[in-house]
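Subject: Structure handover

Hi,

Here is the structure I promised to pass on. Have a look at it first, and my notes follow underneath.

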Amino acid sequence: MKKVLIMGASSGIGRRVAEEFASRGIMVGAAARNLSALQTLKDLYPDTIEIEEVDITKEDAPAKMGSLIERMGGMDIYFHVSGIGYSNPSLDPEEEVKMVATNAAGFARMLSAAYRYFRSEGKKGQIVGLTSVAGTNGIGQMAAYSSSKKFAQTYMVALEQLANKEGVDIKFTDIRPGWIRTPLLDPEKHYPMEMTLEYVVPKIIHAIVKHPRVAVIDWRYNLLVGLWRMIPNSLWTKMYFPMG
């Protein structure tokens with residue numbers, strides 16, 4: 001039976017995916033900062049969920065993840081959902097740094113830990129990262145967010161190259177959704193081509209199971225980012241994109 005560790009499982013996408021897997025008898029390691037929310041999740045699926053309080057911005061996060069993996073009896077799939085994001089056109093420095101610390105530094109901290117686990121165990125594994133279509137190009141009012149997601153996408157490419165060099169049998173899947181109605185979004189705003197969790201989660205699970213290298217969710221965003229890539233920076237920097 002596959003064992004899946006989900007980093008960022010206390011709410012939103014991570015929680016829904018954890019529930020879907022656990023309800024099917026798959027062992028899930030659920031990690032996040034919100035321990036009470038994790039305990040509520042474990043109470044629902046006591047036989048298939050193990051939990052651990054983990055803050056990915058802290059140096060002890062990999063060790064805590066290792067403890068969770070031991071209680072799970074191993075790990076086959078690492079799914080990184082943990083992240084924060086919001087518009088910050090005022091460029092408040094504390095908010096910018098907070099997003100980079102979580103979405104870039106935290107991402108590197110935890111994916112490198114997952115990589116080291118699979119390498120040391122000498123077993124097949126899969127690393128799945130939830131990034132964003134925002135990582136396609138820098139977005140002015142979301143400078144730290146879009147840049148940190150670009151970092152995450154590039155980091156996964158780098159790890160895949162390292163795995164090929166070292167002969168480590170890891171599949172990498174970069175899941176790039178557009179706007180999803182989760183607690184991260186302002187409840188008072190409506191966002192372009194906004195999607196619901198009910199619509200997106202089955203597509204995310206399909207991507208985890210089928211493990212394409214990159215999965216853009218959904219087809220509308222796939223077309224959009226294809227167009228974005230064709231726009232030269234000289235033109236892109238003169239454009240404006242409403243963010244809700």
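A question to start with: is Pro93 buried or exposed? Pro93 is exposed, and its relative accessible area comes to 56%. You'll find Pro93 in helix H4. If you trace from there to Thr131, 38 residues apart from Pro93 along the chain, the two C-alpha atoms turn out to be separated by 22 Å. Please keep in mind throughout that this is a predicted model.

**The chain as a whole**

The protein chain has 8 helices and 7 strands. Its radius of gyration is 18 Å, close to the 18 Å that the globule rule gives for 244 residues, so the chain is as compact as a globular protein of that length. If you're setting up a box around it, the C-alpha atoms fill roughly 50 × 45 × 35 Å along the principal axes.

Of the 244 residues, 51% count as buried. The chain exposes about 11800 Å², with carbon and sulfur atoms supplying 55% of that area. On the charge side, there are 29 positive and 26 negative side chains, and the centres of these two sets lie 7 Å apart. As for contacts, take those between residues at least 6 apart in sequence: 64% of them join residues at least 24 apart.

**The cores**

Which residues touch the most other members of the largest nonpolar core? They are Ile6, Val17, Phe79, Ile175, Ile204 and Ile208, out of 49 residues in that core. Helix H6, residues 197-210, contributes the largest share of this core, with 7 residues. There is also a second, separate core of 29 residues, and its members include Ala31, Met65, Tyr117 and Ala163.

Ile6 is worth clicking on. Setting aside neighbours within four places in sequence, its contacts are Gly14, Val17, Ala18, Val28, Gly29, Ala30, Ala31, Phe79 and Val81. Two names there come back from the core lists: Val17 and Phe79 belong to the largest core along with Ile6, whereas Ala31 is in the second one.

Tyr117 from that second core also turns up around Ile69. Not counting residues up to four places away in sequence, Ile69 touches Leu5, Gly74, Met75 and Tyr117. Ile69 sits in helix H3, which covers residues 61-72. With a relative accessible area of 5%, Ile69 falls under the 20% cut-off and therefore counts as buried. Its C-alpha atom and that of Glu50, 19 residues apart along the chain, are separated by 9.0 Å.

**The loop between E4 and H4**

This loop gave me two residues to flag. Asn88 lies in it, between strand E4 (77-80) and helix H4 (93-121). Is Asn88 buried or exposed? Its relative accessible area is 6%, so Asn88 is buried. Beyond residues up to four places away in sequence, Asn88 touches Glu95, Glu96, Met99 and Gln141.

Leu91 is in the loop between E4 and H4 as well. Its phi is near 60°, a positive value in a residue other than glycine. Leu91 has 47% relative accessibility; that lies between the 20% and 50% cut-offs, so Leu91 counts as partly exposed.

**Backbone notes around E7**

His211 is another residue with a positive phi: about 40°, although it is not a glycine. You'll see His211 in the loop between H6 and E7. It is partly exposed, with a relative accessible area of 32%.

Which peptide bond here is cis? The one from Ile217 to Asp218, with omega near 5°. Asp218 belongs to the loop between strand E7 (214-217) and helix H7 (219-230).

**One more pair**

Arg229 is in helix H7. Its C-alpha atom and that of Thr136 are separated by 7.1 Å, with the two residues 93 apart along the chain. Thr136 is also one of the contacts of Arg229, once neighbours within four places are left aside; the other is Arg176.

That's everything from me on this one.

Cheers

Definitions and conventions: Residues are numbered from 1 along each chain as its sequence is written. This is a predicted model: local features need pLDDT of at least 70, side-chain atom pairs count only at pLDDT 80 or more; totals for chains, interfaces and linings use all residues. Side-chain values use heavy atoms; hydrogens and water are left out. Helices (H or I, at least four residues) and strands (E, at least two) are DSSP runs, numbered from the N terminus. The radius of gyration is taken over C-alpha atoms; the globule rule is 2.2 Å times the number of residues to the power 0.38. Buried means under 20% relative accessible area, exposed over 50%, partly exposed in between (1.4 Å probe, protein chains only). Contact means heavy atoms within 4.5 Å. Accessible areas come from the Shrake-Rupley method with a 1.4 Å probe; for residues, only the protein chains shown count as cover. Lys and Arg count as positive and Asp and Glu as negative; His and the chain ends are not counted. The place of a charge is taken as NZ of Lys, CZ of Arg, CG of Asp or CD of Glu. A nonpolar core is a set of buried Ala, Val, Leu, Ile, Met, Phe, Trp, Tyr and Cys residues joined through side-chain atoms within 4.5 Å.
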